[in-house]
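Open the model in your viewer and keep the sequence panel beside it. The stops below are meant to be selected in order.

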Amino acid sequence: YQRRVRDMNLKLIAEKHHNDVTVVNLFPTFRNLYEGLAPGVKVCVRPGFRQVVASLLHYAPTWLARLLLNASNELSDEAKYATADKLSYDFINNVLFMAWTETQQVVHTEEDVSRVFDEAQQHDHLHFIYSSIDPYTPLEFVDDLRRDHPHLNDRIYMADEGVRHAFVLSNSDDVARQVSRIVPVFQN
């Protein structure tokens, strides 16, 4: 999913007739996605293991599913409660399969992505927000992006303190406020 959204954004910015479009990439990972996964997630997404995990969670009593979901910092209490009742084998297996597939596709920075970064010198419509505590995009990735494309340095922003990832529900307001500071047209 992340790869498709990223590719769509970068292709949009690369098209010459879309120069009036501003793209703010929220915590994008352009390479080594698997390396950013937590060790437990690395195991759970692997073929064979994901089916075992899906079976265990499918047959786990709801109270146990809620207990396991409670360990997640990425879901609100309401989402944890609602999700525990809907954990089916197919749902879990498909989510883990999608995660595995993404990690296998996002390995190296692709040529067309690098080309868009290089061409971004010509306009200021391409921006990035990263977090110092986001496990999927370690600071090493941000440092490499700055080193390889120094002309983007003034368009690479760090998220406000405490923001782990753009799509963590508890961080969505903070990220939206930061995007509105970067792209003034979003302000009221």
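The tour goes from a strand pair to the salt bridges. This is a predicted model, in which local features need pLDDT of at least 70, side-chain atom pairs count only at pLDDT 80 or more, and totals for chains, interfaces and linings use all residues. Residues are numbered from 1 along each chain as its sequence is written, and side-chain values use heavy atoms, with hydrogens and water left out.

**Strand E2**

Select residues 126-130, strand E2; helices (H or I, at least four residues) and strands (E, at least two) are DSSP runs numbered from the N terminus. Leu126, Phe128 and Tyr130 on one side, and His127 and Ile129 on the other, are all buried (under 20% relative accessible area; exposed is over 50%, partly exposed in between; 1.4 Å probe, protein chains only).

**Strand E3 and helix H8**

Add residues 156-158, strand E3, which pairs with E2 in the parallel sense over 3 bridges (pairing requires at least two DSSP bridges between the strands). Ile129 has Tyr157 as its bridge partner in E3. Now show helix H8, residues 139-148: E2, H8 and E3 make a right-handed β-α-β unit (with the strands pointing away from the viewer, the path from the first strand over the helix to the second runs clockwise).

**Salt bridges**

Stay in H8 and select Asp144, Arg147 and Asp148, which are linked in a network of salt bridges (a side-chain nitrogen of Lys or Arg within 4 Å of a carboxyl oxygen of Asp or Glu). The closest N and O atoms are 3.1 Å apart for Arg147 and Asp144, and 3.0 Å apart for Asp148 and Arg147. Asp144 is buried at 15%, whereas Arg147 is exposed at 56%.

Finally, select Asp160 and Arg181, whose side chains meet in a salt bridge (3.2 Å, N to O). This pair links distant parts of the chain, 21 residues apart: Asp160 is in the loop between E3 and helix H9 (172-182), and Arg181 is in H9.
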